[in-house]
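Student: I am new to this structure and would like a close look at a single part of it. Could you take me through the aromatic rings and how they pair?

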Amino acid sequence: MKLNYPLRFLVIVAVILGSALLWAKYGVDRGLDLRGGASLIYRLDLESIPPEARSDTLLSTVQVIEERINNLGLKDLKVDALPPDQFEVQFPGKESSDIDRIKGILTRLGKLEFRIVAMGAEADEGAPGFETDERKRKEEMGAAYPGPPPGYQWVPRRPSRDAAGADRAAGPPRLVEIPEGRIDADIAERLGRRKEFEGEIARLETQKSDPGTVATPERMAEIDRQIGTATAKIAEIDRQVAALEEQKADILKKNYFTGNDLDPGDLGIRPGEFGAGYVVAFATRARREADFGNFTERNVKRQMAIIIDGALESAPVIQEKLPGRGQISGGGMGGFSRDQAQDLVTVLRSGSLAVKLELQSEYAVGPSLGEAAIRNGLIASAIGMGLVVIFMVGSYLFAGGVAVLALLVNVLLIMASLAFFRAELSMPGIAGIILTVGMSVDANILVFERIREERAAGKSIAQAVKAGYSRAFITIVDANVTTLLTAFVLYSITSGQVRGFAITLICGILASMFTALYVTKTVFGALIDRGWLKDLRMTRIFFVPKVSYMKVRLPAIGISLLLIVLGVVLFSGSGPKKYDIEFLGGQRVVVQFREPVSITTVKDRVSATYADASVVSIKSTASSAQSALNLQIASDSFQITIAGADTEQERTEVLAFLERTFAENILPHGLTPLGPAEVPSGTPREYRISFEQAVSGEALGTALAAVGEKPELIEASGSTARIRVVTSEPEVFLENLDRALSSADLTTTEPFPMKSFVDPQTAQGHRDSAIKAVVISLILQIIYIYFRFHGASFGFAAVLALVHDTLITLGAIAFFGTTGLVNVKINLPIIAAILTLIGYSMNDTIVVFDRIRENLAKGRRNLSEVIDLSVNQTLARSVRTAVTTFFVVFVMFVVNYGAAASVLEGFGFTLMFGVITGTYSSVFIAAPLLLFLPWHYLRGRGLKFWGAVTLTIIGGIMLLFAEGQGAAFTGISLALLAVYPVYFLAEFVYWLFLPDPDRSLNLVLRGQTPRA
């Protein structure tokens, strides 16, 4: 092997050092599921926006959201536009209370209006009694009430707070003046008349062109006169409307002020009078200062309605002319809280949103679950890699050791790639790395098995290594390209965590090809060239068997058909329970208890209110060994999934229901304020801290000393403590306290460590994306196989094998998921696992097909013998690759079994079945099916084949026109459509029982009937 080894080693060293530097410099950020936080996806209601302006509306909305985030000082929040009408906001490391507050800020329209309440000193309809009289008229008329007169509008009040800070019901709505309303009514009346004239003109034009009209010159002249009159009326209306629009603009300038008229730099908060909470101070922009002064001067002693997002916040009396400055009060007797006032300032500074936002999906997970996920992922990776190392070194000795070194380089390249592309590492990403550990040695196994064969044929070590890499090259490329195709489809169609898995898988495949075809080849070549490597001894665990797979095709395919039917029945019969909320819509909550609770108790209590709820027992971060081993009996943590719960109020009610129903069991919130929410400045605040484990006063005191506000430890008992602190900024204090406790490894309790929600519309989109991804992947596999193997037979056999693997695996998911034995339901990560299964199964099948193609090229005539020989020759590779991959996915499943908020349990379970069924189908299904050659074989049946094809086509055409033709017509259409599939199945069953399929094939290819 004469290669430029110094240059090749230089490239390898440069790649390794560059990767290490990339990883060290940029690192790999953890996804939300690993560090805690939330991800929210909002949809913009763009129905009222013209199509050509919707893209700009999305971008402007994202800019407003980013501005609000900047005003809050939250630099680590991330906003991404998701065209055409969605955007995502990520909240890394935030607690649920922080997330709820930020959600409220981000989704407020932020539309501020100043109006005058319709009770004033004037002696017109705006006199003090007008609002009272109008309210009385509204109550008397009920549903027949037409609304207030033009120029007035009812505005609902926002619920307020009393002096103690408690919420109280909103009062009755207030009637406010809308001066431009009268003008709008006049404009609407004129536009209505304009439309009538336009209709009259259209009618007259129709008469002129109607052949039935008496076309006398007098009649035509009269029609033209009428059209001219109507046209003149329209022109007069347009002039009047233009004049009214000018009047409206003047009225708005003098009487209507919004948040856009305020100077963002002069917005601030200050304490209200007599200790009544806080108020928001404002100043108008310079260009509007005089207008605002005149506006307030005209309305002295009247109430100015302060309307925010369509609700009346307050209505203070204007005592004197305000020269461009004022304050916004609210919240009732208690005034705004500090948070409420600051949030209002944040919203006003960023500007208002053009459209309403609708929450499409929410995913929130606490930091403790993220840490548990990382720990489980690292354990699974370490154990899986250890098993792979043992297997490779035990099977291939020195060559296996070189493959292990290549595997370490492979992992380094993956991490460097993630760092370079700034991709976040999520739980599916960890699954991708774990999976890569098992699959990346496949290329080495292919090469090593080839080297073993070449050495057995009597070649020297140098010739054997050269031939091994040369002959395995095309197989390695074919096998990895098919997996890459599914990974690229996954990346292009999905988003979020699943896209992270696709990126990891793509990087892992490319890295494994580099290490297997370049790194290990360089190492072996250099050692042989130097004379240091005399031989590559390998453990002979497997000998080349001499099994006739064609002779066992009947029982093998029979077993597969039985499993497929069973899988389809299980899948169809399990109903919607087999789907996760990503595909159904709804809410999922992980709830933690103080002590293990019977799963029967939890199910009974939840189902009493939510009959269709799904309850699964899981391990929490503080689970005892006993509860972890008896999850089907009792646990201290449960995952509860409830379909529906579409609105924010319904989702809040679910959490309130759980806290109320399990009040005696549920863990308390980690940080709970004691006493009123708002206290005067300088007054101590008290908090109760609840920990997952018992905490010593010394350890807690050390952590508290690191907090800038120097809180005082009042008492500490077991897992609960009480502290006192004097702070003017409680939000900042709580962030500092949380950071200090985390640094001291003191974990506070989280009653709901994970919450997620998916809107039904989004769920439908997920289902569509999943179906599209699977279909596109299968089509790409067929196309690639067709062109690589120059025929449809290989593609036909491979796709049937893929369908075989997928249906059996889906049946297993439905059975184990709906029975609760395994926490696995069909969602986007499981679709990712199924697509990976498609790639893996195709990978394994291609290895066998490549060997069949190679043996056919050697002139062998009997296809059955070629298939048997090829499968036997590649069996060792298939088993070894299956073993290494099964090791890592089995460990992934076992380590994460019952783990809260982890997708790795279901992911590992799916791939376990995939590895088994994929290996089985490559040997017993795909390879024997090559002999069936359905097109050639069935075409040789002559009239029967073409008759079946013709009737099926007729049935398809009839089905297109079946609507409205009756049930009988539809039934006949479906019956004809099934002719060819039934005929195909009948011929296939007949072929299974043929004693000599090779003879039958040869007869068909010679134009003779197989039964002759």
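**A close look at the aromatic pairs**

Tutor: Please keep in mind that this is a predicted model. On the surface, a nonpolar patch is formed by Ile-771, Val-775, Ile-779, Ile-783, Tyr-786 and Phe-787, which together have about 600 Å² of accessible area. Tyr-786 of this patch belongs to helix H22, residues 760-789, and is partly exposed, its relative accessible area being 42%.

Turning to the rings that pair, a search of the whole structure finds 25 aromatic pairs. One of them joins Phe-257 and Phe-292 edge-to-face, with 5.3 Å from centre to centre and 90° between the planes. Because Phe-257 lies in strand S9 (residues 257-258) and Phe-292 in helix H8 (residues 289-298), this pair ties together parts that are 35 residues apart in sequence. Phe-257 is buried, with a relative accessible area of 1%, and Phe-292 likewise counts as buried, at 0% relative accessibility.

Another edge-to-face pair is formed by Phe-815 and Phe-816, whose centres are 5.1 Å apart and whose planes make an angle of 85°. Here Phe-815 counts as partly exposed at 36% relative accessibility, and Phe-816 counts as partly exposed at 23%.

Returning to Phe-257 and Phe-292, both belong to a cluster in which ring pairs also link Phe-114, Phe-282 and Phe-295.

Key:
Residues numbered from 1 in each chain as written. Predicted model: local features only at pLDDT ≥ 70, side-chain atom pairs only at ≥ 80, totals over all residues. Heavy atoms only, no water. Patch = residues over 30% accessible without salt bridge, like charges linked within 9 Å, V, L, I, M, F, W, Y side chains within 5 Å. Areas by Shrake-Rupley, 256 points an atom, 1.4 Å probe, with all protein chains shown as cover. Salt bridge = Lys/Arg side-chain N within 4 Å of Asp/Glu carboxyl O. Helix = DSSP H or I, 4+ residues; strand = E, 2+ residues; numbered from the N terminus. Buried < 20%, exposed > 50% of the residue type's maximum accessible area, 1.4 Å probe, protein only. Phe/Tyr/Trp six-rings, centres within 6.5 Å; stacked < 30°, edge-to-face > 60°.
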